[in-house]
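Here is a short report on one protein model. Look at the sequence and the structure first, then read on.

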Amino acid sequence: TTDSYRWTYEGFMQRQLCFTSMTGQFSCTVPELIALPHKETGEAPVLPVAGGADDEPFPAAIAAQERLTATLKARSAALFAEDKRLKVDPIFRASGVTATVAGPAAARPR
């Protein structure tokens with residue numbers, strides 16, 4: 001029989017809000033780890049390798065990991081925006097804090 005392997009790659013979002021002032025950090029929320037619905041699973045036979053540096057016995061798992069990474073990168077802005085709207089903004093509103101995102105620094109005249 002041929003040896004086989006299985007894999008599961010899952011996406012997660014980690015959040016911990018910390019509040020700072022000019023004098024330093026003074027408060028942080030409890031760290032949260034949220035499982036995302038994005039997942040890659042599978043099973044494939046282990047490929048024989050010739051012993052070269054570029055030989056890869058698990059190409060299907062690597063391809064799955066790359067697909068998941070590409071999916072999460074493509075969706076990251078939307079995932080973070082939704083998380084901010086649902087979890088971060090209510091904390092800011094409750095505390096009376098407003099947050100702005102600084103744009104790129106203006107070029108200095110020479």
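## The largest pocket

Helix α1 gives the most to the lining of the largest pocket, with 5 residues. Keep in mind that this is a predicted model. The pocket holds about 150 Å³ of space. Three elements each give two or more residues to its lining: β1, β4 and α1.

Which residues line the largest pocket? They are Met13, Arg15, Ile34, Leu36, Leu79, Glu82, Asp83, Leu86 and Lys87. Sorted by class, the lining has 5 nonpolar and 4 charged residues. It has no polar ones.

## The helix α1

Helix α1 covers residues 59-95. The helix has a kink of about 55 degrees, and Arg75 is at the centre of that kink. Just after α1 comes Gly96, with a positive phi of about 75 degrees.

Which residues of α1 are buried? They are Ala61, Ala64, Leu68, Leu79, Asp83, Val88, Asp89 and Phe92. Leu79 and Asp83 also appear in the lining of the largest pocket. The cover over the buried residues of α1 includes strands β1 (4-15), β2 (18-21) and β4 (32-45).

A general point helps when you read such a list. An α-helix has 3.6 residues a turn, so residues three or four places apart point the same way.

## The aromatic rings

Two numbers matter here. A pair of aromatic rings is described by the distance of the centres and the angle of the planes.

How many aromatic pairs does the model have? The count is 2. Take Tyr5 and Trp7 to start. Their ring centres are 5.4 Å apart and their planes meet at 40 degrees, so this pair is tilted. Tyr5 and Trp7 are both buried.

Tyr5 also pairs with Phe58. Here the centres are 4.7 Å apart, the angle between the planes is 75 degrees, and the pair is edge-to-face. This pair links distant parts of the chain. Tyr5 is in strand β1, while Phe58 is in the loop between β4 and α1, 53 residues apart.

## Buried or partly exposed

Why does Tyr5 count as buried? Its relative accessible area is 11%, and buried means under 20%. Phe58 has a relative accessible area of 33%, so Phe58 is partly exposed. The range for that label runs between 20% and 50%.

Together, Tyr5, Trp7 and Phe58 form one aromatic cluster.

Terms used: Residues numbered from 1 in each chain as written. Predicted model: local features only at pLDDT ≥ 70, side-chain atom pairs only at ≥ 80, totals over all residues. Heavy atoms only, no water. Bend = angle between axes of the 7 residues up to and from the residue. Helix = DSSP H or I, 4+ residues; strand = E, 2+ residues; numbered from the N terminus. Buried < 20%, exposed > 50% of the residue type's maximum accessible area, 1.4 Å probe, protein only. Contact = heavy atoms within 4.5 Å. 1 Å grid on protein atoms, 1.4 Å probe; cavity = no way out; pocket = protein on both sides within 12 Å on 5 of 7 lines; lining within 4 Å. Points joined across faces, edges and corners; volume = space filled by probe spheres on them. Nonpolar A, V, L, I, M, F, W, Y, C, P; charged D, E, K, R; others polar. Phe/Tyr/Trp six-rings, centres within 6.5 Å; stacked < 30°, edge-to-face > 60°.
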